[in-house]
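Here are my notes for you, as promised. Keep the 3D view open while you read, and click on each residue as it comes up.

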Amino acid sequence: MGLCKEGDDYFVLTDILGDEDALGDMDFKVAGTTEGVTAIQMDIKISGIPAEVLRKALAQAKEARQLILNDMKEVMPAPRSELSVHAPQMDVLHINPEKIRDLIGPGGKNIKAITAETNADIDIEDSGKVSIFAPTLESLNKTREMVQYYDQQAEVGKNYVGTVKKILEIGAIVEILPGLEGLLHISQLDVERIAEVTDVVQLGQEITVKVVEVQPNGRIRLSRKAWLMEQAGQEVDLENSRWAQIVPEDAVTTDAAMVDVATAGAAMADVTADAAGRTLCASSDKMSLIQKSPETMFPGIFLANLYFKKFSS
């Protein structure tokens, strides 16, 4: 609202252009809804405003506001349920605080790559709170997806394309997600038995594997064999895929010396008992079922027994 005042005479202007700002005596802004006033702001160039002028200004402002609101309602009866896809967007994510370093990357490499590709701004707090400010909805969705990529958890039964990070005698360590690695046992490399890990995979090679187990301590077991069987249309038993192989009854032996001590030591996580009470040992070159005895109830005694039987004979 504007005002032109000369002596005792005055005229209140209903302003939508702002022409009176430079030449008039008052700049009075009144905001509100059909229910009432929500905010006011005033600038004046005279010593004061009489109450009569203020009352008239508020009355004219209400009339003008109602006119504008009615015209707006004809065009848009209610607010949009969501922002325009072209409007700036904002979202807040929460990731595992331990994954923050993976999201940022060495020297900020990962976070810089995300912002460069999406034109979004990302703010990361130590608590794991990630605030995304994007110019469009498409940019927001892409940024959210790229951020969440670094906060994924391995899912049992899901296939992943991973990179071989380390070659071991008993298998390979494969990174299936940023900072998330699992053991691909040699027995799970192929549907056929292989002699050496490097017969199938090489360091740095990308391979598809299936997660067959995620242990409570976070260790992940992988199987390429299960994925190959799945591709061939064969039924995959994830329970049996956790272990090296199922040995026929006629292959059962009580000769503990058949198991390589060094390999058994490296593969202690691959020692378990089957339903018949036999201990299944997985090694890179020998597979055997050893009848369980009291002295093999505990891993330490079990390894000591293997060592003694192999080198004392």
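1. Let's start with Arg144, which is partly exposed: its relative accessible area is 21%. Buried means under 20% and exposed means over 50%, so a value of 21% lands in the class in between. Do keep in mind that this is a predicted model.

2. Which residue does Arg144 form a salt bridge with? The partner is Asp91, and the closest N and O atoms of the two are 2.9 Å apart. Have a look at where each one sits: Asp91 is in strand β5 (residues 89-94), while Arg144 is in helix α5. The two are 53 residues apart, and the pair links distant parts of the chain. By the rule used here, the count of salt bridges comes to 6, so you will have a few to hunt for.

3. Stay on helix α5 for another one. Lys142 and Glu117 meet through their side chains in a salt bridge, at 2.8 Å from N to O. Because Lys142 lies in helix α5 and Glu117 in helix α4 (residues 109-118), this pair ties together parts that are 25 residues apart in sequence. Buried or partly exposed, what are these two? Lys142 counts as partly exposed, at 36% relative accessibility, and Glu117 also counts as partly exposed, at 45%.

4. Now for a salt bridge between strands. Glu175 pairs with Lys165, and here the closest N and O atoms are 3.6 Å apart. Glu175 belongs to strand β9 (residues 171-177) and Lys165 to strand β8 (residues 159-167), so the bridge ties together parts 10 residues apart in sequence. Glu175 is partly exposed, with a relative accessible area of 22%. Lys165 counts as partly exposed as well, at 42% relative accessibility.

5. Back to helix α5, which covers residues 137-149 and includes Ser139. Is Ser139 buried or exposed? Its relative accessible area is 7%, and the cut-off for buried is under 20%, so Ser139 is buried. Its side chain reaches the backbone oxygen of Thr118 at 2.6 Å. If you leave aside the neighbours within four places in sequence, Ser139 is in contact with Thr118, Ala120 and Ala134.

6. Next, the aromatic rings. How many aromatic pairs does the rule give? The count comes to 1. That pair is Tyr149 with Tyr150, 5.2 Å centre to centre and with 85 degrees between the planes, which makes it edge-to-face. The two rings' residues fall into separate classes of exposure: Tyr149 is partly exposed, with a relative accessible area of 41%, whereas Tyr150 counts as buried at 16% relative accessibility.

7. Turn to helix α6 (residues 224-231) and look at both ends. Ser223 caps the N-terminal end of α6, with a side-chain oxygen 3.4 Å from the backbone nitrogen of Lys225. Just after α6 comes Gly233, which takes a positive phi of about 80 degrees. Within the helix, Arg224, Ala226 and Met229 are buried. I'd colour those three and see where they point.

8. There is also a nonpolar patch on the surface. Val37, Ile40, Met42, Ile44, Leu54 and Leu58 form it, and together they have about 490 Å² of accessible area. Which elements supply at least two residues each? They are β4 (37-44) and α2 (51-75). β4 gives the most, with 4 residues. Take Val37 as a sample: it is found in strand β4 and counts as partly exposed, at 48% relative accessibility.

9. Last, zoom out to the whole protein. You should find 9 helices and 15 strands. Of the 313 residues, 35% are buried. The protein exposes about 18,800 Å², and carbon and sulfur atoms supply 53% of that. Among contacts between residues at least 6 apart in sequence, 56% join residues at least 24 apart. The Asp91 and Arg144 pair from earlier, 53 residues apart, is a good place to go back to with that in mind.

Definitions and conventions:
Residues are numbered from 1 along each chain as its sequence is written. This is a predicted model: local features need pLDDT of at least 70, side-chain atom pairs count only at pLDDT 80 or more; totals for chains, interfaces and linings use all residues. Side-chain values use heavy atoms; hydrogens and water are left out. Buried means under 20% relative accessible area, exposed over 50%, partly exposed in between (1.4 Å probe, protein chains only). Contact means heavy atoms within 4.5 Å. Accessible areas come from the Shrake-Rupley method with a 1.4 Å probe; for residues, only the protein chains shown count as cover. A polar contact is a pair of N or O atoms within 3.5 Å; within protein, one must be able to donate a hydrogen and the other to accept it, and residues adjacent in sequence count only if both atoms are side-chain atoms. Patches are made of residues with over 30% relative accessible area and no salt bridge: like charges are joined within 9 Å, nonpolar side chains (Val, Leu, Ile, Met, Phe, Trp, Tyr) within 5 Å. A salt bridge is a side-chain nitrogen of Lys or Arg within 4 Å of a carboxyl oxygen of Asp or Glu. Rings of Phe, Tyr and Trp (its six-membered ring) pair if their centres lie within 6.5 Å; planes under 30 degrees apart count as stacked, over 60 as edge-to-face and the rest as tilted.
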